[in-house]
Amino acid sequence: MIVLANARVVTPRRVLDPGWLVIDGATIAGVGAGDPPAADGERHDLERRYVLPGFVDLHMHGGGGAQITTDDPDEILAAIAFHQRHGTTRTLASLVTDELDRMAAATRTVAGIMRGTGPGPIVGVPTATSISARSRSSPATAGSRSPTAPSRAAP
């Protein structure tokens, strides 16, 4: 067990200052204000540093050279791993506007990852398309990207 003491613990309702957390493996076993309960294991004085919940990224296209708009699950997982290494705990997998069949394939792949991991880092796939004023008169220019734009960023 690990006890984090003398911290500013941010909760949904208030900041516990001073506050504490007890961590048992990968589980937060207790949170409270004041002095922590006696517990076996490591004890760390956080010297009033903040303890915050994980970061939720509401708009993620990729990261670390990997993208989300692909049907390659390994590439999607590499993008997620990049963000997790930097503190993201949950994300919305935001697809880049592309050909409809590629976007549908990417959505199916992300959905498969979500089903396979259970409660995991991806919590949804927002779907929205920007329609420019020109696109109303020409289906060739529909969407938020130029039809001649590359479908993926250069490495």
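**Figure 1. The order of the elements along the chain.** From the N terminus on, the elements of the protein chain run β-β-β-β-β-β-β-β-α-β-α-β. Keep in mind as you look that this is a predicted model. If you tally up the secondary structure, you get two helices and 10 strands.

**Figure 2. Inside and outside of the chain.** What share of the 155 residues is buried? Buried residues make up 31% of the protein chain. On the outside, the accessible surface comes to about 9900 Å², and carbon and sulfur atoms hold 56% of that surface.

**Figure 3. Contacts along the sequence.** Here we look at contacts in the protein chain with a separation of 6 or more. Of these, 52% are between residues 24 or more positions apart.

**Figure 4. A cavity in the model.** Rolling a probe the size of a water molecule over the atoms shows where empty space is left. For this chain, the count comes to one cavity of 30 Å³ or more. The volume of the largest cavity is about 30 Å³.

**Figure 5. The residues around the largest cavity.** Which residues line the largest cavity? Look for Ile80, His83, Gln84, Thr88, Thr89, Arg90, Thr91 and Pro121. Two elements, α1 (73–85) and β9 (88–93), each give two or more residues to this lining. The largest share comes from β9, with four residues. Sorted by character, the lining has two nonpolar, five polar and one charged residue.

Conventions:
Residues are numbered from 1 along each chain as its sequence is written. This is a predicted model: local features need pLDDT of at least 70, side-chain atom pairs count only at pLDDT 80 or more; totals for chains, interfaces and linings use all residues. Side-chain values use heavy atoms; hydrogens and water are left out. On a 1 Å grid over the protein atoms alone, a cavity is a set of points where a 1.4 Å probe fits but cannot get out, and a pocket is an open set with protein on both sides within 12 Å along at least five of seven lines; lining residues have an atom within 4 Å of a point. Grid points are joined across faces, edges and corners, and a volume is the space filled by probe spheres set on the points. Ala, Val, Leu, Ile, Met, Phe, Trp, Tyr, Cys and Pro count as nonpolar, Asp, Glu, Lys and Arg as charged, and the others, Gly among them, as polar. Buried means under 20% relative accessible area, exposed over 50%, partly exposed in between (1.4 Å probe, protein chains only). Contact means heavy atoms within 4.5 Å. Accessible areas come from the Shrake-Rupley method with a 1.4 Å probe; for residues, only the protein chains shown count as cover.
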